[in-house]
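Here's a quick briefing to read with the model open beside you. Start with the aromatic residues, then move on to the rings with a charge over them and the sheet.

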Amino acid sequence: MGTPIKPRCPPLGLSGLLVAGLLGAQPALADNARLTVQIDGLRDDSGNLRVSLYRESDSFRKEDRAFKLLSQPAKKGKTSLVFNDIPPGRYALMAYHDANGDNKLNLRFGMFPLEGYALSNNPQVVGPPRFNDSTFDFPGADGAPINLQIKY
């Protein structure tokens, strides 16, 4: 049998491991922040308000491929939602008033929204909305809310 190897430094112990783990995790937590979205213009309390956050142009407007999705009961007028743990980056938002509660934005002829919707930057839309028209830079620090206006 070989000679046992002696450690060069004393073992950390449970409390030392806990402190090391917390210190090691701190930079990752500091990089992420809360993104507040304020939405105005819901015409009634029916159904739900759904808000999707996108990071990539190829997933934009495809709710099942959103980076994050929030849904809450609709509230007439103005309301806010908060996305937690968002890293810095370039994003786009899409919100809609899912008045009938079927978890999708209903369209006429597959193109024209039948329910109220909103996009970040509130661009004028002719045809399908484009990711680049709705993008904004999120610095990764809790900051001013992003304001969206629902259009019917």
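Four residues, Phe67, Tyr91, Phe136 and Phe138, come together as one aromatic cluster. Keep in mind that this is a predicted model. Across the structure there are five aromatic pairs, and two of them are worth a closer look below.

**The Tyr91–Phe138 pair**

- Within the cluster you'll find both Tyr91 and Phe138, and these two rings make an edge-to-face pair, with 6.3 Å centre to centre and 75° between the planes.
- Tyr91 belongs to strand S5 (residues 89-98) and Phe138 to strand S9 (residues 135-138), so their contact ties together parts that are 47 residues apart in sequence.
- Tyr91 is buried, at a relative accessible area of 0%.
- Phe138 is buried too, with 7% relative accessible area.

**The Phe60–Phe131 pair**

- Phe60 and Phe131 also meet edge-to-face, and here the numbers are 5.7 Å centre to centre and 70° between the planes.
- Phe60 sits in the loop between strand S2 (48-54) and strand S3 (68-73), while Phe131 is in helix H2 (residues 131-134), so this pair ties together parts that are 71 residues apart in sequence.
- Buried or exposed? For Phe60, the answer is buried, with a relative accessible area of 5%.
- Phe131 has 11% relative accessibility, and since buried means under 20%, Phe131 counts as buried.

**Arginines over rings**

- Phe67, one of the cluster residues, has Arg55 lying over its face, 4.6 Å from the ring centre.
- Over at Tyr152, the charged end of Arg43 sits above the ring, 3.7 Å from its centre.

**The three-stranded sheet**

- Which order do the strands take? This open sheet of three strands runs S4-S1-S10, and the pairing is mixed.
- Strand S4 (77-86) and strand S10 (146-149) are the edge strands, each pairing on one side only.
- From one strand to the next, the twist averages 20°.
- Strands of a sheet pair through backbone hydrogen bonds, in either a parallel or an antiparallel sense.
- Strand S1 (residues 33-42) pairs with S4 in the antiparallel sense, over eight bridges.
- If you want a register marker on S4, look at Thr79, the bridge partner of Ile39.

Technical notes:
Residues are numbered from 1 along each chain as its sequence is written. This is a predicted model: local features need pLDDT of at least 70, side-chain atom pairs count only at pLDDT 80 or more; totals for chains, interfaces and linings use all residues. Side-chain values use heavy atoms; hydrogens and water are left out. Two strands pair if DSSP finds at least two bridges between them. Helices (H or I, at least four residues) and strands (E, at least two) are DSSP runs, numbered from the N terminus. Axes are lines fitted to C-alpha atoms, for helices over the stretch in contact, and angles run from 0 to 180 degrees between N-to-C directions. Rings of Phe, Tyr and Trp (its six-membered ring) pair if their centres lie within 6.5 Å; planes under 30 degrees apart count as stacked, over 60 as edge-to-face and the rest as tilted. Buried means under 20% relative accessible area, exposed over 50%, partly exposed in between (1.4 Å probe, protein chains only). A charge sits over a ring if NZ of Lys or CZ of Arg is within 6 Å of the ring centre and within 35 degrees of the ring normal.
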